[in-house]
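Q: I should like to learn how to read the local features of a protein model. Where might we begin?

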Amino acid sequence: MKKKSNKDNPKTSTRNLVYAYLTIAALLVTATALVYWINHQQLQPSIGYSPDEIERPVEPSLVCMVNDAYMGKPQIPVPVNGKTYYGCCEMCVDKLNNIESARIAIDPFSGNQVDKSEAFIVVTNTQGAVAYFESEANYSAFKKE
């Protein structure tokens, strides 16, 4: 009488297939989390702000104008139509070159559109988020409100 091997057992075969799919799913989840973590680390501002440092103007070249974040170090200059914008990575450079809305912000005081390359830029929180104003006068008026 011939003995049946585990290879011929449909339950074992199905179980191995399920384990294989679960292993692949776990690897995909782990890889996705790792890629997200790496990208998240690159986009984080390189320094934090204490509450008394918030609301200070910053140099445009230190701001990623796609992420609207003060990065604390010089960013990649992106010349577009005679104006210079700044991005933190090649994806941001591509957006600044090709998507007009990435180069525009809304002044929190006036509600008007402002070109990010010409804006008065101010840090707004401890994570390094920035706001763009048409002028220093608009920013001063905004602070008084």
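A: Let us begin with strand pairing: two strands pair if DSSP finds at least two bridges between them. This model is predicted. Here, strand E7 (residues 120-123) and E8 run antiparallel and are joined by four bridges. Valine 130, in E8, is the bridge partner of valine 123.

Q: How many residues lie between the strands in the hairpin of E7 and E8, and which glycine there takes a positive phi?

A: The hairpin has six residues between the strands, and glycine 128 takes a positive phi near 95°.

Q: Which side chains of strand E8 lie on each side, and are they buried or exposed?

A: In a regular strand, side chains alternate between the two faces of the sheet. In strand E8 (residues 130-133), Val130 and Tyr132 lie on one side, with Ala131 and Phe133 on the other. All four are buried, and both faces are thus covered.

Q: How is a loop residue such as leucine 62 to be read?

A: One considers its place, its burial and its contacts. Leucine 62 lies between helix H1 (10-43) and strand E1 (63-64). Leucine 62 is classed as buried because its relative accessible area is 18%, under the 20% cut-off. Beyond its neighbours within four places in sequence, its contacts include Tyr70, Met71 and Pro74. Proline 74 is twelve residues away in sequence, yet the C-alpha to C-alpha separation is 4.8 Å.

Q: How many disulfides are found?

A: A disulfide requires two cysteine sulfur atoms within 2.5 Å. A search of the whole structure finds zero. For cysteine 88, the nearest cysteine sulfur, that of cysteine 64, is 3.6 Å away. For cysteine 89, the nearest is that of cysteine 92, 3.7 Å away.

Methods
Residues numbered from 1 in each chain as written. Predicted model: local features only at pLDDT ≥ 70, side-chain atom pairs only at ≥ 80, totals over all residues. Heavy atoms only, no water. Helix = DSSP H or I, 4+ residues; strand = E, 2+ residues; numbered from the N terminus. Buried < 20%, exposed > 50% of the residue type's maximum accessible area, 1.4 Å probe, protein only. Contact = heavy atoms within 4.5 Å.
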